[in-house]
Amino acid sequence: MKQSGYVTVFTVAAMLLFSWITNANACNKALCASDVSKCLIQELCQCRPVDGNCSCCKECMLCLGTLWDECCDCVGMCNPRNYSDTPPTSKSTVEELHEPIPSLFRALTEGETHLHWNIVSFPVSEELTYHENLVSFLESLDISPLQNVSLPANSPHVKLDGEKEPHCTVVYFNDCMSIHQCKNSCESMGASKYRWFHNACCECVGPDCIDYGNKVVKCMNCTF
């Protein structure tokens, strides 16, 4: 009899979970399913703030704990997020590092490595194209002065006839890390800049890059 009661409880909970997550289109199911299920079984998230009923809000927040920010939309307690519109991998924070060591960065990224990072090199012209597009955009808006963003003719990154095109080299750490860890790790390998994607992927930018490296997430264990 007791076993039958447990089955009934979990069946009801599963139905509730399916109903709530189905209605929450933007819900991060992979991250939230387990904790949302626990809170639903305890009936701690049954009220509806959008209808003016927030009698369970505090209890629901305590139940979800540190996952509240990511999972409150799964239980209808906050406005749903449109992940497809602005995914974490499309946003990033960049910063220049004040004391880069180019020789160290080049030595660490030369040849193959079996360390916990992925080395990616691409023609500087890819960054150049982005830079020129930015200048054209600013000119279309009639923003001045433009001399602060235009590429000088004597730039060391401009390819001359017969010269080999320079490459921008960046390093992606395989695993996710905080922005503080990202900055420290990039400083420790002599990078000139870093880019921290909002999904926690960290990219260290080498001294031969003119912008902030590659704008695509390529961390092997941190891609979502």
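A disulfide is a pair of cysteine sulfur atoms within 2.5 Å. Put in chemical terms, a disulfide is a covalent bond between the sulfur atoms of two cysteines. In this predicted model, the link between Cys176 and Cys222 fits that description, with an S to S distance of 2.0 Å. The structure holds eleven disulfides, and three of them are described here, beginning with this pair.

The torsion about the S-S bond of Cys176 and Cys222 is 105°, and the link is right-handed. Cys176 sits in the loop between β3 (167-173) and α7 (179-188), while Cys222 belongs to the segment after β5 (202-205), so the disulfide ties together parts that are 46 residues apart in sequence. How does each partner stand with respect to the surface? Cys176 has a relative accessibility of 42% and therefore counts as partly exposed. Cys222, in contrast, is buried, because its relative accessible area is 3% and the cut-off for buried is under 20%.

A second disulfide is formed by Cys32 and Cys71, whose sulfur atoms are 2.0 Å apart. The torsion about their S-S bond is about -85°, so this disulfide is left-handed. Cys32 is part of helix α2 (residues 29-41) and Cys71 is part of helix α4 (residues 68-71), which means that the bond ties together parts lying 39 residues apart in sequence. Cys32 has 0% relative accessibility and so counts as buried; Cys71, also at 0%, counts as buried too.

Helix α2, the home of Cys32, deserves a look of its own. With 13 residues at 1.5 Å a residue, α2 should span 18 Å, and its end C-alpha atoms are 17 Å apart, which agrees. Along the way, α2 has a kink of about 30°, centred on Asp35. Which residues of α2 are buried? They are Cys32, Val36, Ser37, Cys39 and Leu40. A general rule helps in reading such a list: an α-helix has 3.6 residues a turn, so residues three or four places apart point the same way. Just after α2 comes Glu43, which takes a positive phi of about 55°.

The third disulfide joins Cys47 to Cys56, with an S to S distance of 1.9 Å. The torsion about this S-S bond is -90°, and the link is left-handed. Both Cys47 and Cys56 are buried.

Methods
Residues numbered from 1 in each chain as written. Predicted model: local features only at pLDDT ≥ 70, side-chain atom pairs only at ≥ 80, totals over all residues. Heavy atoms only, no water. Helix = DSSP H or I, 4+ residues; strand = E, 2+ residues; numbered from the N terminus. Buried < 20%, exposed > 50% of the residue type's maximum accessible area, 1.4 Å probe, protein only. Expected span 1.5 Å × (residues − 1). Bend = angle between axes of the 7 residues up to and from the residue.
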